[in-house]
Amino acid sequence: MSEKLIRWEPVKELKGIYYLDSTADTASSFELVFSDAIDENKQLQVKFSSRVKGFRSTYETFRERSLLDFYKKYDKSVYQDWTFFKLANSEYLAWLSDQSQGESEKWNLTHYLFTTMEFILDIVHNEEPVVQWLF
Amino acid sequence: MKNSEYWENWDPIEGLEAKYYIDSINDGVNGLEIILSGAKDNAKRIKFIFSNSVESYKRTDETYRQELLFILQRQYQTDIFAHRTFFKVKNSPYLRWLSEESEGIADDRPLQHLVILAADSSLDIISTYEQEVYFLKD
């Protein structure tokens with residue numbers, strides 16, 4: 001099955017590309033705070049109430065290939081001016097399956113992909129996060 | 001073997017315990033901060049600070065690294081990975097992925113692949129510089 005990028009709109013009034021302000025990974029939760037590129041007081045929190053199964057953070061410069069692939073493969077209405085996505089049948093999920101000797105297949109994992117101004121975040125978990133505005 | 005990764009011991013500070021848990025990973029204005037606690041004595045905590053953040057890092061639950069542990073055990077014929085936490089990886093698949101993903105940009109930087117193979121998770125870090133590291137006192 002081929003990889004599929006899905007635009008994700010967890011709350012209303014999301015607009016454009018966001019900055020990633022902070023990432024906090026602990027034994028009991030995983031929390032991200034984003035801010036609006038124009039109005040930094042407009043902050044958004046994405047919080048998983050348990051430790052995520054895996055996550056990866058990479059400088060945007062080093063994810064050129066994936067970003068170019070999205071531009072080639074999808075209509076602008078999917079990727080343009082947007083930060084929050086899910087990625088079905090992804091390479092990362094396949095890697096986790098391989099690394100867990102197939103165990104991850106039992107977990108109904110979702111791959112969340114957040115393409116921010118500076119960093120690209122990949123998060124894999126079997127729970128939906130709570131997403132809320134902080135202002 | 002041309003594409004085999006090679007794991008070597010990394011001793012970021014003297015007096016390390018054998019195994020650690022990853023208590024927290026915080027990435028923000030102060031850079032990337034990692035706090036570990038000893039698997040035998042959780043009061044023995046260490047803090048790593050990469051003050052300028054790093055090029056890439058990933059944490060993976062231990063359950064999802066069974067294949068890696070299996071391969072390492074077979075390749076090195078030792079159970080050292082159950083008794084050590086800190087490693088550097090040469091000829092690293094993570095660095096190869098970063099090279100491909102960046103269309104070669106990563107090849108121009110002196111990147112190193114550090115691994116914290118903790119009891120609960122593994123943390124892979126790609127960085128161009130050495131971190132600050134110290135023991136936390138209560």
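On a 1 Å grid over the protein atoms alone, a pocket is an open set of points where a 1.4 Å probe fits, with protein on both sides within 12 Å along at least five of seven lines, and lining residues have an atom within 4 Å of a point. A volume is the space filled by probe spheres set on the points, which are joined across faces, edges and corners.

This is a predicted model: local features need pLDDT of at least 70 and side-chain atom pairs pLDDT 80 or more, while totals for chains, interfaces and linings use all residues. Residues are numbered from 1 along each chain as its sequence is written, chains are lettered from A in the order in which they are written, and side-chain values use heavy atoms, leaving out hydrogens and water.

**Exercise 1. Size up the largest pocket and say what lines it.**

Step 1: its volume comes to about 460 Å³.
Step 2: 20 residues line the largest pocket, and those closest to its centre are Trp95(A), Gln99(A), Lys58(B), Pro93(B) and Tyr94(B).
Step 3: sort the lining by character: eight nonpolar, two polar and 10 charged. Here Ala, Val, Leu, Ile, Met, Phe, Trp, Tyr, Cys and Pro count as nonpolar, Asp, Glu, Lys and Arg as charged, and the others, Gly among them, as polar.
Step 4: helix 3 (91-99) of chain A, plus helix 1 (66-76) and helix 2 (93-101) of chain B, each give at least two lining residues. Helices (H or I, at least four residues) and strands (E, at least two) are DSSP runs, numbered from the N terminus.

**Exercise 2. Trace the sheet of 10 strands and find its edges.**

Step 1: the order is 1(A)-6(A)-7(A)-8(A)-5(A)-5(B)-8(B)-7(B)-6(B)-1(B), an open sheet with antiparallel pairing. Strands pair if DSSP finds at least two bridges between them.
Step 2: strand 1 (4-7) of chain A and strand 1 (6-9) of chain B sit at the edges with a single partner strand each, so one side of each has no neighbour in the sheet.
Step 3: from one strand to the next, the twist averages 20°. Axes are lines fitted to C-alpha atoms, for helices over the stretch in contact, and angles run from 0 to 180 degrees between N-to-C directions.
Step 4: zoom in on strand 6 (residues 84-88) and strand 7 (residues 110-115) of chain A, which are antiparallel over three bridges, with Phe84(A) partnered by Phe114(A).

**Exercise 3. Follow the eight-strand sheet from chain A into chain B.**

Step 1: write the order, 9(A)-4(A)-3(A)-2(A)-2(B)-3(B)-4(B)-9(B).
Step 2: within chain A, strand 2 (residues 18-26) and strand 3 (residues 30-36) share seven bridges, and a hairpin joins them through three residues.
Step 3: cross over: four bridges link strand 2 of chain A to strand 2 (residues 20-28) of chain B, running antiparallel, and Ala24(A) stands opposite Asn26(B).

**Exercise 4. Quantify the contact between the chains.**

Step 1: count residues, 37 from chain B and 36 from chain A, where contact means heavy atoms within 4.5 Å.
Step 2: the two chains bury about 3,000 Å² between them, 49% of it on carbon and sulfur atoms. Buried area is the accessible area (1.4 Å probe) that two parts lose on being put together, summed over both.
Step 3: in chain B, Arg59(B), Tyr64(B) and Glu101(B) lose the most area to chain A, together 27% of what that side buries.
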